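Visitor: I am new to this structure and would like to know what stands behind the words used for it. Please show it to me before we begin.

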Amino acid sequence: MKKDKQKLITLGVTIAIILIFWSTQIDLPEDGPPAFGPPFLAEDENQLSLFVVGDSDFEMEMLREEGVHYSSASIQKVGSLEDAQLDYPVLEIESAPAYLVFNTRELEYKTYDADDLIRYLKKSKEKQ
């Protein structure tokens, strides 16, 4: 009876490890599913999806004031670098503040400078 219990525990741990490994894979072929999912990805091509770490004062209004307008936009914030690294290790955030821009499929741009983010968004908006 004790051996049966050990076998069940071993099987459960093995299945859990396989599920964790399987769910964290992000190296997918280009025609496969997106590398990131909600809450990161933009919902459509004309939408901006931002992930901001360590800059609680950053608001979408700041972009509008700089002349960067989007018909719809979403922003998600994490207050500290430690929380972002712990909760989202796949994003490989090295310091804070950090600004990440997502399109409908992947991480499009990452910077650690708000002015650099604004310059990038202005250029990408001009291309549209």
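Guide: A residue is called buried under 20% relative accessible area, exposed over 50%, and partly exposed in between, with a 1.4 Å probe and protein chains only. This is a predicted model, in which local features need pLDDT of at least 70, side-chain atom pairs count only at pLDDT 80 or more, and totals for chains, interfaces and linings use all residues. Residues are numbered from 1 along each chain as its sequence is written, and side-chain values use heavy atoms, without hydrogens and water.

Visitor: Why is alanine 114 called partly exposed?

Guide: The relative accessible area of alanine 114 is 22%, and partly exposed is the class between 20% and 50%, so the name applies. Alanine 114 belongs to helix H4, residues 114-127; helices are DSSP runs (H or I) of at least four residues, and strands (E) of at least two, numbered from the N terminus.

Visitor: What makes tyrosine 109 and tyrosine 120 a stacked aromatic pair?

Guide: Rings of Phe, Tyr and Trp (its six-membered ring) pair if their centres lie within 6.5 Å; planes under 30 degrees apart count as stacked, over 60 as edge-to-face and the rest as tilted. Here the centres are 3.9 Å apart and the angle between the planes is 0°, so the pair is stacked.

Visitor: Why does this pair tie together parts that are apart in sequence?

Guide: Tyrosine 109 is in strand S4 (residues 107-111) and tyrosine 120 in helix H4, so the parts joined are 11 residues apart in sequence.
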